[in-house]
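Visitor: Could you walk me through this structure, one question at a time?

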Amino acid sequence: MCGMNWYREQMEMADDDVKRLSQLLNMMEERYKLSLLAPGELEQINPTIINVYREIVSRKNRLLVQKSPQV
């Protein structure tokens, strides 16, 4: 899965750039039609695609939590 390596490399290069991570997520959603799939249909997608997508989501969420003001 050469494409997944590219997404992982881009995620690493994005470092703490939430905007870039969002762009990567959008690109994956468009390319693999992830936002159009029902939860049961996600099982039909290659697990590597789902894992990379989750990695990017997780990194983005961690950054958002770190940057949010603490109450």
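The questions and answers below go through helices, loops and a nonpolar core.

Guide: This is a predicted model, in which local features need pLDDT of at least 70, side-chain atom pairs count only at pLDDT 80 or more, and totals for chains, interfaces and linings use all residues. Residues are numbered from 1 along each chain as its sequence is written, and side-chain values use heavy atoms, with hydrogens and water left out.

Visitor: How far does helix α3 reach from its first C-alpha to its last?

Guide: Helices here are DSSP runs (H or I, at least four residues), numbered from the N terminus, and α3 covers residues 47–67, which makes 21 residues. The expected span of a helix is 1.5 Å times one less than its number of residues. For α3 the expected value is 30 Å, and the reach in the model is close to it, at 30 Å.

Visitor: Which residue has a side-chain oxygen that reaches the backbone nitrogen of T48 at the start of α3?

Guide: The place to look is the start of α3, where the backbone nitrogen of T48 has a side-chain oxygen within 2.7 Å. That oxygen belongs to N46.

Visitor: Is Q10 buried or exposed?

Guide: Q10 lies in helix α1, and its side chain makes a polar contact (a pair of N or O atoms within 3.5 Å, one able to donate a hydrogen and the other to accept it; residues adjacent in sequence count only if both atoms are side-chain atoms) with the side chain of R20, at 2.8 Å. Buried means under 20% relative accessible area, exposed over 50%, and partly exposed in between, with a 1.4 Å probe and protein chains only. Because the relative accessible area of Q10 is 13%, Q10 is buried.

Visitor: What is the phi of D15?

Guide: Most residues other than glycine have a negative phi. D15, found in the loop between α1 (2–14) and α2 (18–32), is exposed at 51% relative accessible area. Its phi is positive although D15 is not a glycine, with a value near 50 degrees.

Visitor: Which element gives the most residues to the largest nonpolar core?

Guide: A nonpolar core is a set of buried Ala, Val, Leu, Ile, Met, Phe, Trp, Tyr and Cys residues joined through side-chain atoms within 4.5 Å. The largest one has 17 residues, of which M4, Y7, L21, M28, Y32 and I56 touch the most other members. Two or more residues come from each of α1, α2 and α3, and the element that gives the most, with 6 residues, is α2.
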